[in-house]
Amino acid sequence: MVGAGLSGAVIGRELADHGYQVTVVDSRDHIGGNCHTERDAETGVLVHVYGPHIFHTDDEEVWTYVNDYETFLPFKNRVKTTSKGRVYSLPVNLHTINQFFGKAMRPDEAYAFITEEQADTSIEDPQTFEEQALRFVGKELYEAFFKGYTIKQWGCHPSELPASILKRLPVRFNYDDNYFFHKFQGMPENGYTAMIERILDHPAITVKLGVTFERGMAAEFDHVFYSGPLDGYFDYSLGRLGYRTLDFERFTYSGDYQGCAVMNYADEAVPFTRITEHKHFAPWERHEKSVCYREYSRFAEAGDIPYYPIRQVREKELLGKYVELADRTGGVTFVGRLGTYRYLDMDVTIRESLDAARGFLACISNGRAVPAFFQRPL
Ligand SMILES: Cc1cc2nc3c(=O)[nH]c(=O)nc-3n(C[C@H](O)[C@H](O)[C@H](O)COP(=O)(O)OP(=O)(O)OC[C@H]3O[C@@H](n4cnc5c(N)ncnc54)[C@H](O)[C@@H]3O)c2cc1C
């Protein structure tokens, strides 16, 4: 297993449970991949080192799986946003609309107001993110809540992004401010790294940290599951797949800095996208001091941690070439968010990892070749 994140840990555990000897390597000095959590030395707060992670799923098997390895406590993600010096509720809901327009509309009144008075109905066939937002919510809500944030997050103007990013009306006409709709939501009581440590705790699994896997090492193993970057496996020989990366600026505060876990900053003039105050992810703990991360988004250069795959036209063309190369390479299966160059929530990562392990076992027992992908990246 290349990578000690969720992909490597879940596949490794499944195979170890089926009698395989598994080696897990990670170039970092910790397990957990990008879900890694650790105690902040100064404040004692459990910190989501690579950005805030909230577990949510509709997949009962995955929910049972994570609960087998860690206690999940109830947690609802209620995000706020600051726009032009005022704080609003997110995702844009009836509270946001009433606050923003200084009204006290009921759901059907608000629906009529947005779709008939605010939405730009002259746009018949929206082609870009900007047109789609103007068509759905109109100029005022678009400029207050979508435009600046999107520019900061993706480093380009919403008129350069496809309409498909905003698939449906991105507004709720009730007071539901729970960010996710999923049936199961929660936070691991002791963090994700504690959970992944238990998943990896098996006599047939050896974990080697601070070890960077290179292609030549594949010969030492019967099969490799690779959860690192797909282009990195081939030494970027065809070019680099584009990613956004994040910079986190840590600061501490005595007391409660912002009263919630995540505060977005919607204005383009504010250079960061959001501030995470980590202690609010564990409301069952008590901490006097607080640690917060200001989050900045930018294009990932060589050497930066790849976070969000860009997946625009150029990247998809290049991705196609790497997929062809991978299909021609035997003995390795590409998995996870970097191996398949897709944004994957944790529950999807676990689902796909369980399926990949089972797919591998089926191939072996049926004498079939193990494919380069159990989930095609395109
Ligand atoms: C900012 C951010 C916020 C997110 N928030 C949420 C959320 O709220 N809820 C949710 O469900 N999901 C969230 N996710 C998604 C979640 O992070 C992923 O689902 C998960 O990390 C995928 O696990 P993985 O094992 O595939 O990849 P990773 O966690 O990236 O693990 C890959 C590992 O491989 C190692 N590696 C790479 N190349 C090599 C090499 N050559 N040799 C050795 N080791 C190597 C890396 O060091 C890394 O540890 C978020 C993601 C991001 C980026």
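**Ligand shell and nonpolar cores**

Helix 1 (6–17), strand 1 (22–26), helix 9 (336–339) and helix 10 (346–366) each contribute at least two residues to the shell around the ligand. The model is predicted.

User: Which helix gives the most to that shell?
Analyst: Helix 9 does, with three residues.

User: And which residues come nearest to the ligand?
Analyst: Among the 35 residues around the ligand, they are S7, D26, H53, L344 and M346.

User: What makes the H53 pair a polar contact?
Analyst: An N or O atom in the side chain of H53 is 2.7 Å from an oxygen atom of the ligand. The cut-off for a pair of N or O atoms is 3.5 Å, so this pair counts.

User: How do you know that L344 and F213 make polar contacts too?
Analyst: For L344, a backbone N or O atom sits 2.6 Å from a ligand oxygen atom. For F213, a backbone N or O atom is 2.9 Å from a ligand nitrogen atom. Each pair is within 3.5 Å, so both qualify. As for cover, the protein buries 94% of the 1000 Å² that the ligand exposes when taken alone.

User: Why are L15, F55, M195 and I350 called members of a nonpolar core?
Analyst: They belong to the largest nonpolar core, of 72 residues, and touch the most other members. Membership requires buried residues joined through side-chain atoms within 4.5 Å, so these four meet that rule. Helix 5 (residues 129–154) gives the most to this core, with 10 residues.

User: How many residues are in the other core?
Analyst: That core, lying apart, has 25 residues, including Y233, L241, I310 and Y322.

Methods: Residues are numbered from 1 along each chain as its sequence is written. This is a predicted model: local features need pLDDT of at least 70, side-chain atom pairs count only at pLDDT 80 or more; totals for chains, interfaces and linings use all residues. Side-chain values use heavy atoms; hydrogens and water are left out. A residue is near a molecule or strand if one of its heavy atoms lies within 4 Å of it. A polar contact is a pair of N or O atoms within 3.5 Å; within protein, one must be able to donate a hydrogen and the other to accept it, and residues adjacent in sequence count only if both atoms are side-chain atoms. Accessible areas come from the Shrake-Rupley method with a 1.4 Å probe; for residues, only the protein chains shown count as cover. Helices (H or I, at least four residues) and strands (E, at least two) are DSSP runs, numbered from the N terminus. Buried means under 20% relative accessible area, exposed over 50%, partly exposed in between (1.4 Å probe, protein chains only).
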